[in-house]
Amino acid sequence: MTTAVSRKTSHSMALVALFAALMAVMGLIPKIDLPLGVPITLQSLGVMLAGCLLGARRGFQAMLLFLAAVAAGLPLLAGGRGGLGVFMAPSAGYLVGYALAAGVTGALMRLLPQGTPLRTAASAFAASVLGGLVFLHAMGIAGLVLLAQMPLDKALLADLVFVPGDLVKCVLCAVVVHTVARALPDWPFGGRER
Amino acid sequence: MGSLYSEHLTWLHRWPAGRKLACMALLGTLLFLLSAPWALALAALACALLWRSLGPATRVARRLMVSVLAAALLVAVFHLWMGRPDVAAVSALRLACASTLGVALTVSTRPTDLLLVLDALLAPLARLGLQPGRVSLQLALMLRFTEHFFVQWKRLDEAHRLRTGRPGGLRLIAPLTVQMLQRAQRVADALYARLGE
């Protein structure tokens with residue numbers, strides 16, 4: 001740490017670390033195991049929130065930071081998993097997807113309308129459904145097909161089990177965004193310039 | 001919050017973290033290139049021997065390994081049920097091998113040593129504007145925030161109990177989010193005060 005940081009950089013650093021920590025907290029909440037080695041966790045909610053509240057760039061960085069900590073061996077994934085081994089497990093597609101999905105969610109959030117708190121929440125719901133659900137699940141399915149050699153239709157079927165739970169998380173994400181929009185009216189959702 | 005690192009020193013502990021990481025990357029890639037069941041069976045045998053050779057150091061990761069093996073078994077059963085015994089053997093063996101390698105690295109290497117390797121690997125990126133020192137600082141910040149989340153939650157929960165006599169539950173999510181975002185702003189200000197231009 002020799003170089004000076006600008007106000008914007010120090011801001012980004014704190015928020016990126018905060019959302020990486022949020023992912024870790026959600027991983028410490030007990031998980032529910034499903035067959036095929038893919039657990040239900042709260043962590044995809046963290047992905048949606050990072051995208052909506054931080055925007056594409058910083059959301060992506062927050063997820064990368066979290067994944068780096070996991071790869072370094074900290075047991076931060078749901079159920080206390082960690083280490084490089086998890087990146088070769090059947091659910092590795094979802095892990096890599098976290099970073100990209102946060103980016104996609106953030107980019108969508110930036111584009112969607114944010115006039116009133118209610119409209120912002122509706123936009124957050126739409127962005128989480130597309131980025132945190134559809135995109136993340138597509139990555140997960142790709143992982144199941146490539147790593148566990150599962151045929152595509154079966155991987156789709158296995159993945160569908162998670163969709164209802166993740167829809168609930170999209171609603172939760174919208175509720176949190178609504179609260180933040182009311183409490184901090186000038187919060188730059190989706191990384192918008194103020 | 002502990003890591004999976006084991007204090008039981010083994011021969012693998014004496015290897016430098018960088019070498020272990022390089023071997024892991026190489027062997028991991030090799031595993032995905034192999035597709036003959038007999039070759040993977042040999043690899044699995046080698047992995048089992050590796051696991052054996054680490055002795056008591058693997059104890060911390062035993063539960064993790066059992067769950068990985070159970071997952072591998074489920075994948076195998078699934079493929080058998082689909083009538084593809086060859087795919088069943090290949091995918092289950094590959095999963096088991098890759099996970100053993102990952103766990104062997106994790107139990108024998110301190111997270112800080114891995115971070116140092118990461119720092120060294122990221123060093124060339126400094127010229128592109130990404131600073132390895134900053135990555136380490138952010139990791140430290142992240143761990144501190146994780147702890148703070150729990151402290152803050154407990155404080156909000158206690159306040160709620162005092163007012164209503166009931167635990168706060170999910171109602172606390174909204175105030176917690178807002179408080180943590182504001183806390184991050186203050187941390188950002190502090191960082192700027194220490195490191196700012």
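**Close-up views of a predicted model**

**View 1. The largest nonpolar core draws on chains A and B.** Of the 73 residues in the largest nonpolar core of this predicted model, Phe19(A), Phe66(A) and Met142(B) touch the most other members. At least two residues of this core are supplied by each of α1 (7–28), α2 (43–54), α3, α4 (92–111), α5 (117–147) and α7 (163–183) of chain A, and likewise by each of α6 (132–164) and α7 (173–195) of chain B. With 13 residues, α1(A) provides the largest share of this core. Apart from it lies another core, of 24 residues, which includes Leu54(B), Leu64(B), Val90(B) and Leu101(B).

**View 2. Surroundings of Phe19(A).** Beyond its neighbours within four places in sequence, Phe19(A) is in contact with Leu49(A), Ala50(A), Leu53(A), Leu54(A) and Ala62(A). Leu181(B) also contacts Phe19(A).

**View 3. Arg58(A) in helix α3 of chain A.** Helix α3 spans residues 56–71 and contains Arg58(A). Arg58(A) counts as buried because its relative accessible area, 16%, falls under 20%. When neighbours within four places in sequence are left aside, the contacts of Arg58(A) are His11(A), Ser12(A), Leu15(A) and Val16(A).

**View 4. Chain A as a whole.** Chain A comprises 7 helices and 2 strands, arranged along the sequence as α-β-β-α-α-α-α-α-α. Of its 194 residues, 59% are buried. Among contacts in chain A with a separation of 6 or more, 69% join residues 24 or more positions apart. The accessible surface of chain A is about 7,200 Å², and carbon and sulfur atoms account for 72% of that surface.

Notes
Residues numbered from 1 in each chain as written. Chains lettered and ligands numbered in written order. Predicted model: local features only at pLDDT ≥ 70, side-chain atom pairs only at ≥ 80, totals over all residues. Heavy atoms only, no water. Helix = DSSP H or I, 4+ residues; strand = E, 2+ residues; numbered from the N terminus. Buried < 20%, exposed > 50% of the residue type's maximum accessible area, 1.4 Å probe, protein only. Contact = heavy atoms within 4.5 Å. Areas by Shrake-Rupley, 256 points an atom, 1.4 Å probe, with all protein chains shown as cover. Core = buried A, V, L, I, M, F, W, Y, C linked by side-chain atoms within 4.5 Å.
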